Amino acid sequence: MSNNSTATMQQSFPMNGGDGPHSYLNNSHLQRQATNASRIMIEEAIAKKLDVKCFTSNPFRLADLGCSVGPNTFIAMQHIVEAVERKYLAQGLKSEMPEFQVFFNDHVANDFNTLFSSLPTERRYFACGVLGSFHDRLFPESSIHFMFSSHALHWLSKVPAELLDKNSPAWNRGRIHYTSGPEEVSHAYAAQFEHDMEIFLSARAKELVFGGMIVLLIPALPTGIPASHIPIGIMFDLLGSSLMDMAKEGLISEAEVDSFNLPIYATSLEQMTSLVERNGYLIIERMELMDPTSKHVLVSGKDYTMNFRAGMEGIFGEHFGSGIIDEVFDRLHKKTVEFSHQLESSHNEGTQLFVVLRGNDVV
């Protein structure tokens, strides 16, 4: 990780480590569904747009940005390696088939012990870890052939400062997110996301080899749909409601709720397109909204609750103390039962953004 000023501002929000009942390892199947839903699209992008003939270096280097602890990253990396191998064979380059090296990247606080202890024994790549935030440079210039990130870029580098300023119109009193909040709060989140993405895209453009490819899967908000009408937005509202109930009962203070905001943002296709075009160093090969889950799979309130706890227990515990964690998520689960009709009827179509970017000639 570089030592420039952006590095000192990062906040780390690791997923639950280990292999316990509340671990990300055992509660990340919703993210796995989302990655699996895009598998054919990733294979098509590699088959049609990745020009392996222009690569001269060996090994072929892949990076998963925001890899967490597995197993989803292993599944995704194996699929990508196999797709790249097929591309070499399709172009008659069997004799030039490279070895593969995969860089698993996440914050320093990520549970890399669990990640590497569960590495598949039958894998066709050499594995290594890269510590640091993807909101900064991670690799030498022109060193990575393929970059991948799934359900990680919705995490902001920090909470927008305006949300904590009582004198700001964006002070987010009584809420923990911009869902159902005033426009000023949404604008503060959007501005922070745009700042983070400008850094992210510039860093990746420098690190990508000529002809390299980036594939991103990002939770998104379909055009014209309020954030409070998609599953993740409903869950944020229910979480905030659970905390306010606890504040009214004296289990925590309202001031603690007022000073807590989730650094999570769902972008739109239009916003992401604008950011890539403004960057100018990357070419959009494909960008579209897609469904993150199968229409045949019913996601229950318990599934959402366990998924949220695996991903957010750390940030809640850091702010409110670990003693309230069970209570918070027990209440959340009860609310998902109470408002199950809202979750079941929520808008889930087009809530994942699929992005394929290719390096431009000059960075």
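**Exercise 1. Helix α8 and its cover**

Task: In this predicted model, find which residues of α8 are buried, and what covers them.

Solution. Step 1: go along α8 and keep the residues under 20% relative accessible area. That leaves Q271, M272, T273, L275, V276 and N279 as the buried residues of α8.

Step 2: look at what lies over these residues. The cover of the buried part of α8 includes α5, β5, β6 and β7.

Step 3: zoom in on one buried residue, M272. Leaving out residues up to four places away in sequence, M272 touches F193, M197, L216, I218, T267, M287 and L353.

Step 4: check what follows the helix. After α8 comes G280, which has a positive phi, near 80°.

**Exercise 2. The nonpolar cores**

Task: Work out which residues of the largest nonpolar core touch the most other members.

Solution. Step 1: take the largest nonpolar core, which has 43 residues. Within this core, L216 and M272 are the residues that touch the most other members.

Step 2: list the elements that supply two or more residues to this core. They are β1 (60-65), β4 (144-150), α5, β5 (208-219), α8, β6 (282-290) and β7 (352-359).

Step 3: rank the contributors. With nine residues, α5 gives the most to this core.

Step 4: see what else turns up. A second, separate core holds 35 residues, including A76, V102, F112 and L119.

**Exercise 3. Salt bridges within a helix and between helices**

Task: For three salt-bridged pairs, E198 with R278, E313 with R309, and E327 with R331, state where the partners lie and how exposed they are.

Solution. Step 1: count them. The structure holds 16 salt bridges, and three are followed here.

Step 2: start with E198 and R278, whose side chains meet at 2.7 Å, N to O. Because E198 lies in helix α5 (residues 183-207) and R278 in helix α8 (residues 269-279), this pair ties together parts that are 80 residues apart in sequence. For exposure, E198 is partly exposed at 36% relative accessibility, and R278 is partly exposed too, at 48%.

Step 3: turn to E313 and R309, which form a salt bridge at 2.9 Å, N to O. Both sit in helix α9 (residues 301-320), four residues apart, or about one turn of the helix. Here E313 is partly exposed at 21%, whereas R309 is buried at 9% relative accessibility.

Step 4: finish with E327 and R331, whose salt bridge spans 2.6 Å, N to O. These two are four residues apart in helix α10 (residues 325-338), so about one helical turn separates them. E327 is partly exposed, with a relative accessible area of 32%, while R331 is buried at 16%.

Step 5: look for shared partners. Salt bridges with partners in common join R39, E43 and R86 into one network.

**Exercise 4. The surroundings of E207**

Task: Decide whether E207 is buried or exposed, then describe its surroundings.

Solution. Step 1: place the residue. E207 belongs to helix α5.

Step 2: apply the 20% cut-off for burial. The relative accessible area of E207 is 0%, so E207 is buried.

Step 3: look for a polar atom close to the carboxylate side chain. A polar atom of the E207 side chain lies 2.6 Å from the backbone nitrogen of L138.

Step 4: gather the contacts, setting aside residues up to four places away in sequence. E207 touches D136, R137, L138, F139, P140, E141, S142, S143, I144 and M147.

**Exercise 5. Cysteines, totals and confidence**

Task: Find how many disulfides the structure has, and where pLDDT stays under 50.

Solution. Step 1: search the whole structure for disulfides. The result is zero. As for individual cysteines, C54 is partly exposed at 26% relative accessibility, and C67 is buried at 6%.

Step 2: add the overall picture. The protein has eleven helices and seven strands, and buried residues make up 54% of its 363 residues. Among contacts with a separation of 6 or more, 83% join residues 24 or more positions apart.

Step 3: check the confidence. The average pLDDT is 88, and 89% of the residues score at least 70. Over residues 1-9, pLDDT stays under 50, and the model has 17 contacts beyond four places in sequence for this stretch.

How values were computed:
Residues are numbered from 1 along each chain as its sequence is written. Side-chain values use heavy atoms; hydrogens and water are left out. A salt bridge is a side-chain nitrogen of Lys or Arg within 4 Å of a carboxyl oxygen of Asp or Glu. Buried means under 20% relative accessible area, exposed over 50%, partly exposed in between (1.4 Å probe, protein chains only). A polar contact is a pair of N or O atoms within 3.5 Å; within protein, one must be able to donate a hydrogen and the other to accept it, and residues adjacent in sequence count only if both atoms are side-chain atoms. Contact means heavy atoms within 4.5 Å. pLDDT is the predictor's confidence in each residue, from 0 to 100. A nonpolar core is a set of buried Ala, Val, Leu, Ile, Met, Phe, Trp, Tyr and Cys residues joined through side-chain atoms within 4.5 Å. A disulfide is a pair of cysteine sulfur atoms within 2.5 Å.
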